[in-house]
Amino acid sequence: VGKEKFHKSQHWGFCNNVMMLVSDEKPGIGGEPLLGQKIKPKCSIYPKGDGSDVPSWVAFDKQVLSFDAYLEEEVPDKSQTNYRIRYYKIYFYPEDDTIQVNEPEVKNSGLLQGTSIRRHRITLPPPDEDQFYTVYHFNVGTEVVFYGRTFKIYDCDAFTRNFLRKIGVKVNPPVQCPEDPYMKIRREILEHAEPLRPYESLDTLKQFLQYHGKILCFFCLWDDSVSMFGDRRELILHYFLCDDTIEIKELLPHNSGRDAIKMFLRRSKLPKNCPPRVYQPGQITDRAVLNLYGDFIKNQADGEVDQEFYKDSDLSLGVTINVWGRKVLLYDCDEFTKSYYKSKYGIENFTSVSCKPPSPPPKIERKFPPYNGFGSEEDSLRTCIGFKPTPHRRNFKKFMEKDSQMVLLRIKAAHELFYFSIGITGGMFLKRSRVKKPGQEVFKSELSEYIKAEELYIGVTVNVNGYLFHLLSADEYTLNYMEQNTDKYPCSNLKLALQKLKQEEAKSRELKQIFRAADRKHTKKVDYNTFRDILMSFTVGNLSEQEFVTIVRHYRAPEDTCSDVDFLIALNFDSFIYSCVYEDREKKNVLPTKDIKRLCKSSRLPLSDDLLESLLSRFEDSEKQIDYKSFFSALNWRKNPVPELQPASYLKERCEDIWLGMPSPIPAKYIDYLTLLKDVFGLEEE
């Protein structure tokens, strides 16, 4: 009564197409055991709790039971011991009853250790080989047999002990584990034997990880001037905090004459006391070694030499260190080094040590005999310097700099002795050569002084071999060169010239009224001659001719470019009229300015944008349209030939007419005086 399952288990089956009894462990009707039948469980059966019944692979996920076991293993070679004790870790996974056996590695055991049995279900030893190990087969003090090897469990961890107690297993107390006799014998031998390595192993990994990439930098000086051909050597010392090594680099000045090898000392530990000799390879070792090549019995052992090396605590400013017999002075350091010593050693004073070279002894002035008149002064002087005369060396640097730039200053001058001379044949007055300054003694020991380019400017009078020349003007290249090198030519400095005008600031209003009276057309500009008369009378000779030309060049008014426009009108564009007629659908003979401009651009008319705009604006009406026939007819050079170009008439420079009697180009035709007054005196237009 109350039975719900009445199915019958299948006891018979086919094996290799032969009918036979498959299993005699099948239950009876409804899954109930037969009379006298005892079914063996295939996996661990855990007691049921009060919670929900979940699968074991969910309930025991990531849970492992750990047992400590050992194994007695017979040794084939019984010279030292008959057996070995090997220690294992047995891991049992309750989620699927799998077992894994690992052997922890023991130093110098001489055995292959690691994973002994990989994780899987292990069967029981015969005669129960049809069953697998479950959690109930493991306990402290018991033995388990895995594939013929007997493992004796002597302990387990706390989690395993609590787990076994919860499922109702009484856990035995830990059992003492025997010691491996081979490891015991080996330990006794090492304890009683003399050490082969009489040094303490220092763990430098912490120092390396803490100070890797951190370097102390000191600036050093090695004064070797006392030795023959010696001098003062600038050095940089790098101290590597990660391994206490030192390297030294040398700072080589330009053209020092030394080999370009910057490394003065390669990176290594630097001993404090320089050894009396250089050790042979292998003579200094990290451990004691046997000297088989010694001549005496007392020298049979050779090994580590006790040396004291420089540390970071030994380095500070003002300290002289011994670098293999060379006295090196530390006189300064970088900011990182200062912060390091301040944080570690509490040093606050980092004053640099003065290491200036001693003052050289006074040089004995050499006196040379006076010039005798043979050859040039430079060649005669070279014969007095050495036994073997050498030619005079020119200033090659100046020659290369100025010659590559083609620096040739052209200055127009007039000879004061021949103001009104006529009938003189033109030609070279003086060939290219240096000119001595007047008033110098001919036969003297010192070299003569020559006229320099810095002494030439417009308005100055120069004595050339007894002839006086008054400098009148210069070409465009010369004026530009002077204005670009105002340090050598102060008369071409615009700021200095304007500063002289600011000294007359009290007369600024009067100067403005004079300029406005001269500018009758109110164009805000005056011609060159008028501007010169006003400005020269205003400064009362305080302004030189060169400074006046500099002001004129800076404030000159732009000239009209209409002549260029008239010249570029004569181009052949008859074909453009046909294109415009095609575009003119309403037959008005006009087109918008933008269409004419687009047509010129698309045809790649060789005119700039500004010039094209200027041409279009001439023919544009109030509605921004252009009569294209008249426009392109004006451009037709066959119908409208261009008149012959005439050179522009320049104003005559009054001072030049006196000397040469012919006009010459002046720096500017018109000058913008209003901008000048605004920059100098701050006067605005009223």
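Visitor: How many bridges pair β4 with strand β5, and in which sense?

Guide: This is a predicted model. In it, β4 and strand β5 (residues 98-103) pair over five bridges, in the antiparallel sense. One spot to look at is Ile 90, which stands opposite Val 101 in β5.

Visitor: Where do side chains point in a strand?

Guide: In a regular strand, side chains alternate between the two faces of the sheet.

Visitor: What is the strand order of the open sheet that holds β4 and β5?

Guide: Read it across, not along the chain. The order is β6-β5-β4-β3-β8-β7, six strands with antiparallel pairing. β6 and β7 are the edge strands, and each pairs on one side only. From one strand to the next, the twist averages 30 degrees.

Visitor: Which helix lies across β3 and β8?

Guide: Helix α2, residues 158-166. Its direction is about 110 degrees to β3.

Visitor: How do I read a contact between distant parts of the chain?

Guide: Compare separation in sequence with distance in space. Take Val 64, in the loop between α1 (56-59) and β3 (65-74). Val 64 and Tyr 91 are 27 residues apart in sequence, yet 6.3 Å apart in space, C-alpha to C-alpha. Leaving out residues up to four places away in sequence, Val 64 touches Tyr 91, Phe 92, Tyr 93, Pro 94, Phe 159 and Thr 160.

Visitor: Is Val 64 buried or exposed?

Guide: Neither label fits. Its relative accessibility is 27%, so Val 64 counts as partly exposed.

Visitor: How many aromatic pairs does the structure hold?

Guide: There are 24. Phe 92 and Phe 138 make one of them, a tilted pair with 5.3 Å centre to centre and 50 degrees between the planes. This pair links distant parts of the chain: Phe 92 is in strand β4 (residues 83-93), while Phe 138 is in the loop between β6 (114-120) and β7 (143-146), 46 residues apart. Both Phe 92 and Phe 138 are buried.

Visitor: What geometry does the pair of Phe 429 and Phe 469 have?

Guide: Here the ring centres are 5.2 Å apart and the planes of Phe 429 and Phe 469 stand at 75 degrees, so the pair is edge-to-face. Phe 429 sits in the loop between β17 and β18, and Phe 469 in strand β19 (residues 467-474), 40 residues apart. Their exposure is worth checking too. Phe 429 counts as exposed, at 52% relative accessibility. Phe 469 counts as buried, at 15%.

Visitor: Which residues form one aromatic cluster with Phe 92 and Phe 138?

Guide: Phe 67, Tyr 88, Tyr 133, Phe 146 and Phe 151 join Phe 92 and Phe 138 in that cluster.

Visitor: What is the strand order in the sheet that contains β9 and β16?

Guide: Six strands form this open sheet, in the order β12-β11-β10-β9-β16-β15, with antiparallel pairing. Its edge strands are β12 (263-268) and β15 (320-323), each pairing on one side only. Neighbouring strands are turned by 30 degrees against each other on average, direction ignored. Look at β11 (residues 245-250): three bridges join it to β12, and the two run antiparallel. Ile 246 has Ser 268 of β12 as its bridge partner. Helix α5 (residues 335-344) lies across β9 (215-223) and β16 (326-333), at about 110 degrees to β9.

Visitor: How do I read a hairpin?

Guide: Find the two strands, then the residues between them. Strand β1 (residues 12-15) and strand β2 (residues 18-21) run antiparallel, joined by four bridges. Phe 14 stands opposite Met 19 in β2. Two residues lie between the strands of this hairpin, and Asn 16 takes a positive phi near 60 degrees.

Visitor: Which side chains make polar contacts with the side chain of Ser 448?

Guide: Start with the place. Ser 448 is in the loop between β17 (411-415) and β18 (461-464). Its relative accessibility is 8%, so Ser 448 counts as buried. One polar contact, of 2.5 Å, joins the side chains of Ser 448 and Glu 377. Another, of 2.7 Å, joins the side chains of Ser 448 and Lys 444.

Visitor: Where does UniProt place the feature "domain: EF-hand"?

Guide: The unreviewed UniProt entry puts it at residues 506-541. Over that stretch the model is 64% helix and 6% strand, with the end C-alpha atoms 17 Å apart. UniProt also lists a "coiled-coil region" at residues 491-521, again from an unreviewed entry. Over residues 491-521 the chain is 65% helix and 0% strand, and the end C-alpha atoms are 33 Å apart.

Key:
Residues numbered from 1 in each chain as written. Predicted model: local features only at pLDDT ≥ 70, side-chain atom pairs only at ≥ 80, totals over all residues. Heavy atoms only, no water. UniProt positions renumbered as here; feature names shortened; annotations may be inferred. Buried < 20%, exposed > 50% of the residue type's maximum accessible area, 1.4 Å probe, protein only. Polar contact = N/O pair within 3.5 Å; in protein donor to acceptor, adjacent residues only side chain to side chain. Pairing = 2+ DSSP bridges. Axes fitted to C-alpha atoms, helices over the stretch in contact; angles between N-to-C directions. Contact = heavy atoms within 4.5 Å. Phe/Tyr/Trp six-rings, centres within 6.5 Å; stacked < 30°, edge-to-face > 60°.
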